[in-house]
Amino acid sequence: MIDDISCEAEIKNNLHFVSIEGNWDKDIHDKRIAHAAMILMEDEFSLAIASATCAPPSYFSFFQGRLGEYTKEILINKYGIPAMRIIPAYRFPYGSTYTIIDAFTNAAVIGWVSCGLKRRNREINVLFEPSTSDFHGLRVEALNNRACQYLGNLNVNMELSCRNKLPLSILKKDYPEEEARLSEMQSTKGLIATGEWVDNGKMKSFDDLNNMKHDLFEAFRSVFQISLSDMDNYMLSDFGRVIFTLLWNQMANNQKLSEKDFKNVCAYVRSWFDVDISETEMLMIKKIIKY
């Protein structure tokens with residue numbers, strides 16, 4: 001992977017992420033996108049995470065394919081969110097996904113942007129606001145808190161909250177099935193305690209950093225055709241890693257990159273962090289993505 005480097009070029013600002021949790025019902029999903037767009041427009045330096053949420057063959061979804069692709073189209077075309085601000089979690093190498101897997105990918109991309117998935121020298125603060133339905137909020141909040149727990153070991157200080165979640169008392173009264181699922185997750189041997197689940201016969205863990213890195217690399221490679229040796233041979237600063245991510249977002253969401261896109265990304269990062277961007281590092285990034 002591209003590693004973080006210990007230097008003065010470290011992020012001191014708080015980072016802000018908003019994931020859009022998919023739903024196979026169009027009306028429900030569109031409401032989740034609208035809620036996320038409201039948050040994203042409040043903070044021009046927040047980043048969206050377009051969760052894949054790809055339905056298995058036994059389920060019916062209004063969108064045939066990865067819901068993250070529908071999400072990014074609506075965010076761009078209806079709400080005017082720039083493509084470079086939408087992290088393409090739908091590019092992770094999964095045939096089908098569900099809330100647990102989406103939480104795992106959320107942790108992977110947040111970990112990548114905030115620390116390069118390795119321990120930072122200085123703590124960084126991250127605000128993460130999953131956008132979901134009110135009845136789903138407590139479970140999504142619990143899942144993502146557990147998925148991101150490992151990042152604390154890497155000096156990432158997480159604040160996580162679903163703005164529109166229902167209180168537990170209302171969940172018990174009006175959505176007993178959802179409350180039962182939350183209760184099971186929070187039991188002594190449940191997912192929150194163990195961090196483990198079975199996926200297609202294989203044991204998975206929220207604390208498996210190697211698996212997180214592998215899947216993230218595959219998502220990068222699906223866009224830039226980067227070789228593993230390329231990723232191992234270069235080191236980026238915090239700001240270089242953010243620039244790389246924004247370019248990945250732009251390329252994945254628009255299927256092309258231009259010099260104008262590079263200039264827009266650099267201008268955005270300068271405005272966001274009030275920093276000068278190293279020309280040497282920009283040349284390195286272009287070499288990594290073979291631009």
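Start by selecting Ala83: leaving aside neighbours within four places in sequence, Ala83 is in contact with Ile76, Asn249, Gln250, Asn253 and Asn254. Before you go on, keep in mind that this is a predicted model. Show those partners as sticks and Ala83 in a colour of its own. Ala83 sits in the loop between α2 (67-77) and β4 (86-87). Is Ala83 buried or exposed? Its relative accessibility is 7%, and because buried means under 20%, Ala83 counts as buried.

Now draw a distance from Ala83 to Leu138. These two residues are 55 apart in sequence, and their C-alpha atoms lie 29 Å apart in space.

**Zoom out to the whole chain**

Colour by secondary structure, and you can look for 12 helices and 9 strands. Along its principal axes the C-alpha trace spans about 60 × 40 × 35 Å. How does the radius of gyration fit a compact globule? For 291 residues, a compact globule would have a value near 19 Å, and the chain has 18 Å, which agrees.

Next, switch to a surface. The chain exposes about 13100 Å², and carbon and sulfur atoms supply 49% of that area. Of the 291 residues, 54% are buried. If you prefer to look at contacts, take those between residues at least 6 apart in sequence: 77% of them join residues at least 24 apart.

For one more overall view, colour the charged residues. There are 33 positive and 39 negative charges in the chain, and the mean positions of the two sets are 2 Å apart.

**Select helix α3**

Pick residues 99-115, which make up helix α3. How far apart should the ends of α3 be? At 1.5 Å a residue, its 17 residues should span 24 Å, and the end C-alpha atoms are indeed 24 Å apart, so the expectation and the model agree. Keep α3 as a cartoon and bring back the surrounding chain: 17 of the 17 residues of α3 are buried, so the helix is largely enclosed by the rest of the structure.

Stay with α3 and click on Thr99, which lies in this helix. Thr99 has a relative accessible area of 18%; the cut-off for buried is under 20%, so Thr99 is buried. Which residues does Thr99 touch? Not counting residues up to four places away in sequence, they are His136, Arg139, Val140 and Leu143. Draw a distance to one of them, Val140: it is 41 residues from Thr99 in sequence, yet the C-alpha atoms are 7.4 Å apart.

Then move past the other end of the helix. Gly116 follows α3, and its phi is positive, near 70°.

**Two residues with a positive phi**

Most residues other than glycine have a negative phi. With that in mind, select Asn155, which is not a glycine and yet has a positive phi of about 75°. You will find Asn155 in the loop between α4 (137-147) and β6 (156-160). Its relative accessibility is 14%, so Asn155 counts as buried.

For the last stop, go to Gln255, in the loop between α10 (238-254) and α11 (259-273). What is the phi of Gln255? It is near 60°, a positive value in a residue other than glycine. Turn the surface back on here: Gln255 has a relative accessible area of 51% and is exposed, whereas Asn155 is buried.

Methods: Residues are numbered from 1 along each chain as its sequence is written. This is a predicted model: local features need pLDDT of at least 70, side-chain atom pairs count only at pLDDT 80 or more; totals for chains, interfaces and linings use all residues. Side-chain values use heavy atoms; hydrogens and water are left out. Helices (H or I, at least four residues) and strands (E, at least two) are DSSP runs, numbered from the N terminus. The radius of gyration is taken over C-alpha atoms; the globule rule is 2.2 Å times the number of residues to the power 0.38. Buried means under 20% relative accessible area, exposed over 50%, partly exposed in between (1.4 Å probe, protein chains only). Contact means heavy atoms within 4.5 Å. Accessible areas come from the Shrake-Rupley method with a 1.4 Å probe; for residues, only the protein chains shown count as cover. Lys and Arg count as positive and Asp and Glu as negative; His and the chain ends are not counted. The place of a charge is taken as NZ of Lys, CZ of Arg, CG of Asp or CD of Glu. The expected span of a helix is 1.5 Å times one less than its number of residues.
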